[in-house]
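Biologist: Could you take me through one part of this model at close range? I would like to hear about a single loop and the helices on either side.

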Amino acid sequence: MAIQYLALTTMIILYSLMFIGGYISAAGLGLTCPEWPLCPNGIMPSEEYLIEWIHRTIAATTGVLIIATMVASLINKNSDLKIKITSSLATALVITQITLGALVIDTKLHAVLVAIHLGIGIWLFAMVLLTTLFAFRISKSSKSITA
């Protein structure tokens with residue numbers, strides 16, 4: 001049952017990340033923290049870097065949760081191939097997203113990279129959503145086996 005709630009938590013945190021990322025982009029705050037991975041004041045930034053720091057902290061948390069969900073799907077004996085594929089793709093995509101995020105900052109918000117970052121973010125959300133749906137199917141199929 002833990003994999004279902006891990007996947008659901010991952011999806012909620014990822015959605016929060018996308019929401020904050022959209023806000024940062026729309027508000028023109030993409031370069032408020034011009035260094036990567038940390039802001040100029042290190043781990044605890046000053047107020048001027050706070051929103052971008054929150055985005056990066058949620059991104060790191062999301063990455064850990066996506067990898068944990070993949071590991072859980074791979075070791076769960078009731079997991080089918082679909083959840084293993086979607087969670088593995090999500091892991092590859094989140095690593096790609098983090099790399100692209102660094103490149104977006106390094107290239108001072110190059111428009112093509114920003115667009116690719118957005119597109120991969122949508123694809124990532126789709127894989128996490130599918131992983132979550134497949135995880136809840138595991139609980140239904142394992143209940144019918146034990147009943």
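Modeller: Happy to; what follows is a walk through that loop, its flanking helices and the annotation that comes with them. Please keep in mind that the model is predicted.

The loop sits between α3 (81-106) and α4 (111-146), and Lys108 is part of it. Leu109 is found in the loop between α3 and α4 too. For a computational chemist, the backbone is a good place to start: Lys108 has a positive phi of about 60 degrees although it is not a glycine, and Leu109, also not a glycine, has a positive phi of about 65 degrees. As for accessibility, Lys108 counts as exposed because its relative accessibility is 55%, with exposed meaning over 50%. Leu109 has 35% relative accessibility, so it counts as partly exposed.

Now to the flanking segments. The UniProt record, an unreviewed entry, places the feature "transmembrane region" at several spans, including 87-105 and 111-136. In the model, residues 87-105 are 100% helix and 0% strand, with end C-alpha atoms 27 Å apart. Residues 111-136 are likewise 100% helix and 0% strand, and there the end C-alpha atoms lie 38 Å apart.

One last link leads to another helix. Thr107 and Ala59 are 48 residues apart in sequence, and their C-alpha atoms are 19 Å apart in space. Ala59 belongs to helix α2 (residues 50-75). Ala59 counts as buried because its relative accessibility is 17%, and the cut-off for buried is under 20%. The UniProt record also lists residues 53-75 among its "transmembrane region" spans.

Technical notes
Residues numbered from 1 in each chain as written. Predicted model: local features only at pLDDT ≥ 70, side-chain atom pairs only at ≥ 80, totals over all residues. Heavy atoms only, no water. UniProt positions renumbered as here; feature names shortened; annotations may be inferred. Helix = DSSP H or I, 4+ residues; strand = E, 2+ residues; numbered from the N terminus. Buried < 20%, exposed > 50% of the residue type's maximum accessible area, 1.4 Å probe, protein only.
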